[in-house]
Amino acid sequence: MKIKVCLFLFGFSFFGFAQETDSLAVAVDSLYFDEPVIDSIEVTFSGNAIGNSTALFGFYQKLYQLEKIKKGKINIVHIGDSHIQADLFTAKIRSDLQGIFGNGGFGFTFPYSVAKTNNSAPIRYTAAGNFQSYRNIYPDLSKPVGLSGIALETNNDDFAIQLNVKDAQYNFTKLKVITPQNNNLFAVSVANKSIVIERKVPKKITHKIKSGEVLGSIADKYNVSIVALKKANGLKNNLIRAGKVLKIPTKGTQSSTTTKTEYIPIGLEVSENYYEFNSDIPLSKIAIVPNNGAIDFALNGLVLENENAGIIYHSIGVNGAKGIDFNKFTLFNDQLPALHPDLVLISLGTNESFDRQSKEFYFAQIEKMIAGIKEKSPEACVLVMTSPPSVLHRKYQNTYIEDYAVAIQENAPIVNYAFWDLLSVFGGNKAISRNASKGYMAKDKVHYSKAGYEKQANLFFDAFMQSYEFYKSTLE
């Protein structure tokens with residue numbers, strides 16, 4: 001059933017919403033870049049391999065079938081903190097894997113700009129309406145924080161969120177909408193029209209006072225009383241001065257125009273873990289609008305897919321997040337099956353080190369996270385990445401991430417996950433000065449430059465492909 005939804009806005013256009021800026025409180029894990037001074041000395045990296053790779057053989061089997069028959073989709077979900085939210089590290093992995101195995105779609109996406117935070121993915125969002133956002137790093141468990149790690153809410157039904165794909169390779173034919181308890185809260189619109197409405201409003205007349213003029217002469221000129229003139233301008237006496245602008249009270253009217261943007265919503269089809277919209281042609285733009293009858297609205301994420309066989313690489317990150325933050329909102333694991341994960345990557349640890357979490361507490365949260373993933377998505381394989389080298393509070397050696405790396409390696413065969421030791425591959429904490437001089441790190445020596453994140457992605461891709469090729473050799 002199609003229902004007309006109208007928004008009355010000045011200067012509003014379907015493909016020209018006002019962009020919002022990032023005003024969230026910035027945790028230690030927020031992302032920024034600077035222009036590094038690059039050392040010309042060549043840097044080599046060693047020991048680049050996937051540990052306990054047999055834990056991925058179930059995933060590799062699916063990947064092998066995709067490679068052989070060129071049918072179906074493989075879903076990889078990468079969970080982490082700011083470097084994952086920014087989608088620089090993950091964008092390079094996505095591109096490299098899809099270049100080999102096919103592009104099945106962009107995957108998970110979220111209106112980060114509407115939530116007033118950052119993301120560099122080629123999916124742009126703008127919105128009309130008032131929204132509130134809440135990240136999983138905060139303690140209020142009543143908030144509908146789910147798969148995105150960020151709740152986006154409104155109780156107004158006069159909103160629209162525009163999604164605009166800036167890279168044509170990620171145009172989509174299927175859109176999945178993920179909401180708390182899979183409630184039917186939203187519809188979509190692929191078209192709109194603008195209607196200009198003309199109406200009569202009170203006429204506005206002003207008068208700029210000239211030298212020598214008095215209040216009485218101005219009142220006579222416009223045929224109004226001195227009392228009415230004083231009231232309209234909040235004057236307590238008859239004293240006026242040259243140059244001031246007076247409002248002239250009048251009963252006249254003048255024409256005014258208002259732009260009305262009209263949407264014709266299309267209802268979504270229900271699935272077990274999401275609502276979906278399917279298009280006969282690839283789309284680059286769509287609007288998320290209220291579903292008729294819904295009162296309170298909460299969005300946990302969107303998924304973009306196409307008709308091609310290949311890999312879908314879902315990126316889910318939250319600035320400042322730790323394992324305990326993803327664990328405390330049960331809606332996260334409840335909604336994970338909406339992505340049909342075949343492999344889940346976990347990249348957490350830097351923020352935990354700034355909290356000075358013990359190795360035991362850190363790994364207990366990682367283990368709990370893996371258990372939650374396996375409970376709701378039992379077919380998924382898991383790979384845990386260690387944190388890259390970093391300085392603690394700008395001046396201390398970060399021994400915490402070194403301890404976390406040990407715990408990740410020691411427990412891999414026990415809990416049955418694979419691991420990639422990024423800390424060691426990138427030279428460990430002793431290589432921080434080297435990495436910084438090469439232009440891989442930001443000034444705080446915690447975050448990395450775009451080149452640094454992309455280098456990490458290249459190394460992971462190499463290790464991943466080497467591990468996969470080893471798996472294929474076991475089939476011969």
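**Exercise 1. Follow strand β16 through its partners.**

Solution. Strand β15 (residues 269-270) pairs with β16 in the antiparallel sense over two bridges, where strands are DSSP runs of E of at least two residues, numbered from the N terminus, and two strands pair if DSSP finds at least two bridges between them. The model is a predicted one, in which local features need pLDDT of at least 70 and side-chain atom pairs count only at pLDDT 80 or more, while totals for chains, interfaces and linings use all residues. Residues are numbered from 1 along each chain as its sequence is written, and side-chain values use heavy atoms, with hydrogens and water left out.

Next, look at the link between the two strands: a hairpin of four residues leads from β15 to β16, and glutamate 269 has glutamate 276 in β16 as its bridge partner. Then turn to strand β9 (residues 172-178), which pairs with β16 (residues 275-283) in the antiparallel sense over five bridges; here valine 177 stands opposite tyrosine 275 in β16.

**Exercise 2. Find the edges of the six-stranded sheet.**

Solution. Begin with the order of this open sheet, β2-β25-β22-β21-β3-β20, in which the pairing is mixed. Because β2 (50-51) and β20 (310-317) each have a single partner strand, they stand at the edges, and one side of each is left without a neighbour in the sheet. Within the sheet, strand β3 (residues 73-80) and strand β21 (residues 343-347) run parallel and are joined by five bridges, with isoleucine 76 bridged to leucine 343 in β21.

**Exercise 3. Decide whether aspartate 325 is buried or exposed, and describe its surroundings.**

Solution. First locate aspartate 325, which sits in helix α6 (residues 323-328); helices are DSSP runs of H or I of at least four residues. Aspartate 325 counts as buried because its relative accessibility is 3%, buried meaning under 20% relative accessible area, exposed over 50% and partly exposed in between, with a 1.4 Å probe and protein chains only.

For its polar surroundings, note that a polar atom of the aspartate 325 side chain lies 2.9 Å from the backbone nitrogen of lysine 322. The side chains of aspartate 325 and lysine 328 are joined by a polar contact of 3.1 Å (a pair of N or O atoms within 3.5 Å; within protein, one must be able to donate a hydrogen and the other to accept it, and residues adjacent in sequence count only if both atoms are side-chain atoms).
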